[in-house]
Every structure is written in C-alpha cells, then in structure tokens.
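Please examine the sequence and the three-dimensional structure shown below. The paragraphs that follow lead through a selection of structural features.

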Amino acid sequence: MPEWVFAIKQDDLKEEKIKVIKSGNKQIALIKKDNKVYALLNECPHEGCPLKNGTLEDYTLKCACHNWGFDIRTGENVDTGEYIDMDDPKVETFETMIKDGNISVLV
C-alpha cells in the first residue's frame, strides 16, 4: 500500500538540481523544475545507471551512461531510434507533495 514518506526540506532542493533519497530498497531522484518537484526512480531501465549523474535539459533527464532521455514529469523515454532495444523503456515516477516546507513522496 503506497504511503507518503518525508523526503527532504523544501529549501534543501535547489532549482534544476537532483537530490537522491532512500525509501526502503528504492533510491528516488528528486528534481525541482519551475517550482514543481518531480520524483523518479534513480535507475535507468537500460543498464541500471544512476540517473542522478545525468544532465537535465528542459524536462528531459539524460542518463550519463548512454544518453537515454526521460521526461521527468512522466518517466517516458523521449528518445526514438533503432538503438532503443526495449519495448517501453520507462522510469518509474512518484507523486510528490509540499506541505509546511517539507517535500514528501508517495511510495
């Protein structure tokens, strides 16, 4: 059953920066973009590389290992082409909430 878990203080997450929190056995990457907080699994579905090492270009997080891009709002892969060898290479996303200066994630 999903539950809200405290992640970090809102002031500790800077615009367009990535912070990783742990919840159970999951590492979750938090990204603030245009004053909204997005949360996604910190693992590329291709070979498991940590997405926290990637680069953010607009709403696309590019994996540092093989440059695969994922929309931080949906987790959808935004790259097309023959080198994508998976049917639906999507990153798991999580709902976020900001309340009383705290960021929580629904995991």
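The link between Cys49 and Cys65 is left-handed, with -105 degrees about the S-S bond. A disulfide is here a pair of cysteine sulfur atoms within 2.5 Å, and by this rule the count comes to 1 disulfide. In the bond that joins Cys49 to Cys65, the S to S distance is 2.0 Å. Cys49 lies in the loop between strand 4 (36-41) and strand 5, and Cys65 in the loop between strand 6 and strand 7, so the pair ties together parts that are 16 residues apart in sequence. Strands are DSSP runs of E with at least two residues, as helices are runs of H or I with at least four residues, and both are numbered from the N terminus.

This is a predicted model, in which local features need pLDDT of at least 70 and side-chain atom pairs count only at pLDDT 80 or more, whereas totals for chains, interfaces and linings use all residues. Residues are numbered from 1 along each chain as its sequence is written, and side-chain values use heavy atoms, with hydrogens and water left out.

The two cysteines of the disulfide fall into separate accessibility classes, for which buried means under 20% relative accessible area, exposed over 50%, and partly exposed in between (1.4 Å probe, protein chains only). Cys49 is buried, at a relative accessible area of 12%, while Cys65 is partly exposed, at 39%. What keeps Cys44 from bonding to the closest cysteine sulfur? The closest cysteine sulfur to that of Cys44 belongs to Cys63 and is 3.9 Å away, which is too far for a bond. Cys63 is accordingly in no disulfide, its nearest cysteine sulfur being that of Cys44. Cys44 is buried at 3% relative accessibility, and Cys63 is buried with a relative accessible area of 3%.

The strands that flank the loop of Cys65 belong to a sheet. It is an open sheet of 3 strands in the order 5-6-7, with antiparallel pairing; two strands pair if DSSP finds at least two bridges between them. Its edge strands are strand 5 (55-57) and strand 7 (69-71), each of which pairs on one side only. On average, neighbouring strands of this sheet are turned by 30 degrees against each other, direction ignored. Such angles are taken between N-to-C directions and run from 0 to 180 degrees, the axes being lines fitted to C-alpha atoms, for helices over the stretch in contact. Strand 6 (residues 60-62) is joined to the antiparallel strand 7 by 3 bridges, and within this pairing Lys62 stands opposite Gly69.

A further open sheet of 3 strands has the order 1-10-9, again with antiparallel pairing. Strand 1 and strand 9 form its edges, each pairing on one side only. Its neighbouring strands are turned by 30 degrees against each other on average, direction ignored. Strand 1 (residues 4-9) runs antiparallel to strand 10 (residues 102-106), and 5 bridges join them; here Lys9 faces Asn102. On the other side, strand 9 (residues 96-99) pairs with strand 10 in the antiparallel sense over 4 bridges. In this pairing Thr96 stands opposite Val105, and Lys99 has Asn102 as its bridge partner. The hairpin of strand 9 and strand 10 has 2 residues between the strands, and Asp100 there takes a positive phi near 55 degrees.

Within strand 10 sits Ser104. Is Ser104 buried or exposed? Ser104 is buried, having a relative accessible area of 13%. Contact means heavy atoms within 4.5 Å. Apart from its neighbours within four places in sequence, Ser104 is in contact with Trp4, Val5, Phe6, Ala7, Glu95, Thr96 and Met97.

Glu15 is located in the loop between strand 1 and strand 2 (18-23). Glu15 is partly exposed, at 33% relative accessibility. Which residues does Glu15 contact beyond its neighbours within four places in sequence? They are Lys32, Lys33, Asp34 and Asn35. A polar atom of the Glu15 side chain lies 3.4 Å from the backbone nitrogen of Asn35. Glu15 and Ile31, 16 residues apart in sequence, are separated by 7.5 Å in space, C-alpha to C-alpha.

Terms used. Polar contact = N/O pair within 3.5 Å; in protein donor to acceptor, adjacent residues only side chain to side chain.
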